[in-house]
There are 2 protein chains.
Amino acid sequence: MNLFDGISENELNKLFACLSPLRKSYYSGEKIFNTYEKINYVAYIESGSIQLSKDDYEGNKVTVVKLSAGDTFGEAFIFTDIEQSGLSIVALEDSRIIFLDYVRLFSSCSNMCVFHKRLTENIVKIMSSRILFLQTRIELLAKKTLRERVLYLLNEQKNLQNKEIFEIPFSREQMAEYIGADRSALSRELSKMKTEGLIDYHKNAFKILLGGKYE
Amino acid sequence: MNLFDGISENELNKLFACLSPLRKSYYSGEKIFNTYEKINYVAYIESGSIQLSKDDYEGNKVTVVKLSAGDTFGEAFIFTDIEQSGLSIVALEDSRIIFLDYVRLFSSCSNMCVFHKRLTENIVKIMSSRILFLQTRIELLAKKTLRERVLYLLNEQKNLQNKEIFEIPFSREQMAEYIGADRSALSRELSKMKTEGLIDYHKNAFKILLGGKYE
DNA sequence: AAAAATTGGTTGCATATGCAACAGATATTT
DNA sequence: AAATATCTGTTGCATATGCAACCAATTTTT
């Protein structure tokens, strides 16, 4: 889902005339927001890529997510009264970002442009899918055993791709990270599950052999 | 955050005239939505309480959340093309619910009522805070050790309440559930942390003795 | 206040899993 | 193709933690 879906180039220009967004370029490595800033914008990455990280209560810097062209961030702070995002946001390559002030976003514009409405709908859509994604992720992480988390991920991907044999879009390292586990522990568990005849896989192609409750 | 915050009784009536919401009553135990239904509404619980549950890939029914008067649900599905919510929603007591069709919610109403805007802003606000909440929860659950998760929760509560000694609003059982752990394991870990002089607590009143990195 | 139910802490036990170190396989660079 | 770097699997080890069973403390019901 892209922030500007369903809005043509031409329409976009009108929209921008009314929203007068900030459009800024950043060099690779340049800081976009620091931890103590308030984020007042729905930000759209036109080009490049960025990284959001956060300081842990222990003081560890933890990567929250990496985003690239076409992605949107900042929408989580719309209308909240959070003065400090707690996020440190840095450009990973030369990047160009459009900042849409959200007060303006949600005021009816003087020109009454139609695509204003479309834009806010898109934002809501992006927020919805983020919520659903996060909820799914929590469900996975709440599972107490590694095996359950693996099966959850595999079933998720199977349903998503609607194929018996499906490709996991992660490296093992990323897969481990996603399910909150150690890489070697994941490898071990996968092997074990294969031996037990629960699943089969070769590289990133997986197949689930037994369904619910392991039967 | 309440869906109707900042909208007076009188204004609400006008708003309802324009949104013509469905207002339904349910008996305790009555089903509100089943797993296969599409949720087209932002639903507001006027009175009573309800429970959302979900079927696991293993076929287990898992409680997602319990909601009560003043809470809102369904906003996660706005403008998504999800045909089946996957949620089974049941009234836990006699309840009254207002359903706001979200197509109507996001169309400019013929009466041009001002509070329409306020309402959509509130929805966005609710979605924002849900996203932030879920993200925090994920951060916690992604921690690999029970101790880290406990400390995360405690620090969260400490910051929230901004007191050195703070009350955890959970029973031990709920606390364990929240951090995705076994209750007895949690008890054990808490004792251990107390012995080690990391934290102190009595019933639900906690105090963190040592800061980041355990020092 | 006696009885019953709920809640929290303790502990033994088996297992799961993080961690580290290494090896083989695969991909990338020279 | 040789050399190097990256990715994945394997394994030993120590520890963390789920689970079950039990007891003590607290709260609720009778």
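**Stop 1: the surface near DNA strand D**

Select α5 (172-178) and α6 of chain A, then add α6 of chain B: each supplies at least two residues of the surface near DNA strand D. Keep in mind that this is a predicted model. Which element gives the most here? Colour α6(A), which leads with 5 residues.

Now show the 19 residues around the strand. The ones that come nearest are A:Arg172, A:Arg183, A:Ser187, A:Ser191 and B:Leu146. On the DNA side, sugar and phosphate make up 52% of the strand D atoms that come within 4 Å of the protein. Colour the protein side by residue class: 9 are charged, 6 polar and 4 nonpolar.

**Stop 2: individual contacts with strand D**

Zoom in on A:Arg183. An N or O atom in its side chain is 2.9 Å from a base nitrogen of DNA strand D. Go to B:Ser184 next. A polar side-chain atom of this serine also has a base nitrogen of strand D for a partner, at 3.2 Å.

Then pick B:Leu146. What part of DNA strand D does its backbone meet? A phosphate oxygen, 2.5 Å from a polar backbone atom of B:Leu146.

**Stop 3: Arg147 in chain A**

Move to A:Arg147 and A:Glu189. They form a salt bridge, with the closest N and O atoms 2.8 Å apart. A:Glu189 sits in helix α6 (residues 183-195) and A:Arg147 in helix α4 (residues 146-161), so the bridge ties together parts 42 residues apart in sequence. Both A:Glu189 and A:Arg147 are buried. Add A:Glu196 to the selection. A:Arg147, A:Glu189 and A:Glu196 are linked in a network of salt bridges.

**Stop 4: Arg147 in chain B**

Switch to B:Arg147 and B:Glu196. Their side chains meet in a salt bridge, 2.9 Å from N to O. Where do the two partners lie? B:Glu196 is in the loop between α6 (183-195) and β10 (199-202) of chain B, and B:Arg147 is in helix α4 (residues 146-161) of that chain. The pair therefore ties together parts that are 49 residues apart in sequence. Switch on the surface. B:Arg147 is buried, at 13% relative accessible area. B:Glu196 is partly exposed, at 45%.

**Stop 5: a bridge along one helix**

Select B:Lys117 and B:Glu121. Both belong to helix α3 (residues 114-142) of chain B. They are 4 residues apart, about one turn of the helix. Their side chains meet in a salt bridge at 3.8 Å, N to O. Is each partner buried or partly exposed? B:Lys117 counts as partly exposed, at 38% relative accessibility. B:Glu121 is buried, at 19%, because the cut-off for buried is under 20%.

**Stop 6: the interface of chains A and B**

Zoom out to show both chains. The contact takes 42 residues from chain A and 42 from chain B. Between them the chains bury about 4000 Å², 68% of it on carbon and sulfur atoms.

Look for charged pairs across the interface. The count is 2 salt bridges. Select A:Lys54 and B:Glu139 to see a salt bridge at 2.9 Å, N to O. Polar contacts across the interface come to 4 residue pairs, both residues at pLDDT 80 or more.

Finish on the side of chain A that touches chain B. α3 (114-142) and α4 of chain A are the elements that give two or more residues to it. α3(A) gives the most, with 16 residues. By class, this side divides into 19 nonpolar, 15 charged and 8 polar residues.

Notes:
Residues numbered from 1 in each chain as written. Chains lettered and ligands numbered in written order. Predicted model: local features only at pLDDT ≥ 70, side-chain atom pairs only at ≥ 80, totals over all residues. Heavy atoms only, no water. Salt bridge = Lys/Arg side-chain N within 4 Å of Asp/Glu carboxyl O. Buried < 20%, exposed > 50% of the residue type's maximum accessible area, 1.4 Å probe, protein only. Contact = heavy atoms within 4.5 Å. Buried area = accessible area lost by both parts, 1.4 Å probe. Polar contact = N/O pair within 3.5 Å; in protein donor to acceptor, adjacent residues only side chain to side chain. Nonpolar A, V, L, I, M, F, W, Y, C, P; charged D, E, K, R; others polar. Near = heavy atom within 4 Å.
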